[in-house]
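Take a look at the model below. Some questions and answers on its helices, cores and surface come after it.

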Amino acid sequence: QNSDAEQAVQVRARDAELDAHYTALFRELLTYMMEDARAITPCTHLLFMAKNLERIGDHATNVAEMVYFAATGTRLTEREKGSN
């Protein structure tokens, strides 16, 4: 069960990476759209896909937090979460 708790903490840390990738991609695609109006439609589709992947990461984090609680009987603290 200790391994489950450790893996849950790792999932939470990886979500922060995913959020950072999403933010960077959002900014990059926004730049493309501002430079060329023809890029708006394909970039918008990419943004929706990226947002959905980011949300999947959020859901995985919620599951990981429940696993952590089930394994340890305590909630993840801000220190263990990596404090976003």
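The questions below go from one helix to the cores and then to the surface.

This is a predicted model, in which local features need pLDDT of at least 70, side-chain atom pairs count only at pLDDT 80 or more, and totals for chains, interfaces and linings use all residues. Residues are numbered from 1 along each chain as its sequence is written, and side-chain values use heavy atoms, without hydrogens and water.

Q: What distance does helix 1 reach from its first C-alpha to its last?
A: Helices are DSSP runs (H or I, at least four residues), numbered from the N terminus. Helix 1 has 34 residues. The expected span is 1.5 Å times one less than the number of residues. That gives an expected 50 Å, and helix 1 comes close to it, at 50 Å.

Q: Is Tyr22 buried or exposed?
A: Buried means under 20% relative accessible area, exposed over 50%, and partly exposed in between (1.4 Å probe, protein chains only). Tyr22 has 18% relative accessibility, so Tyr22 counts as buried.

Q: How are the rings of Tyr22 and Phe26 classed as a pair?
A: Rings of Phe, Tyr and Trp (its six-membered ring) pair if their centres lie within 6.5 Å; planes under 30 degrees apart are stacked, over 60 edge-to-face, and the rest tilted. By this rule there is one aromatic pair. The centres of Tyr22 and Phe26 are 6.2 Å apart and the planes are at 45 degrees, so the pair is tilted.

Q: Why are Tyr22 and Phe26 separated by about one helical turn?
A: An α-helix has 3.6 residues a turn, so residues three or four places apart point the same way. Tyr22 and Phe26 both lie in helix 1, and their separation along it is four residues.

Q: Which element gives the largest share of the largest nonpolar core?
A: A nonpolar core is a set of buried Ala, Val, Leu, Ile, Met, Phe, Trp, Tyr and Cys residues joined through side-chain atoms within 4.5 Å. The largest has six residues: Ala5, Ala8, Ala64, Tyr68, Ala71 and Leu76. Helix 1 and helix 2 (40–72) each give two or more. The largest share, three residues, comes from helix 2.

Q: What separates the C-alpha atoms of Gly57 and Arg12?
A: Gly57 lies in helix 2. Gly57 is buried, at a relative accessible area of 10%. Arg12 is among the buried residues of helix 1. Along the chain they are 45 residues apart; their C-alpha atoms are separated by 8.8 Å.
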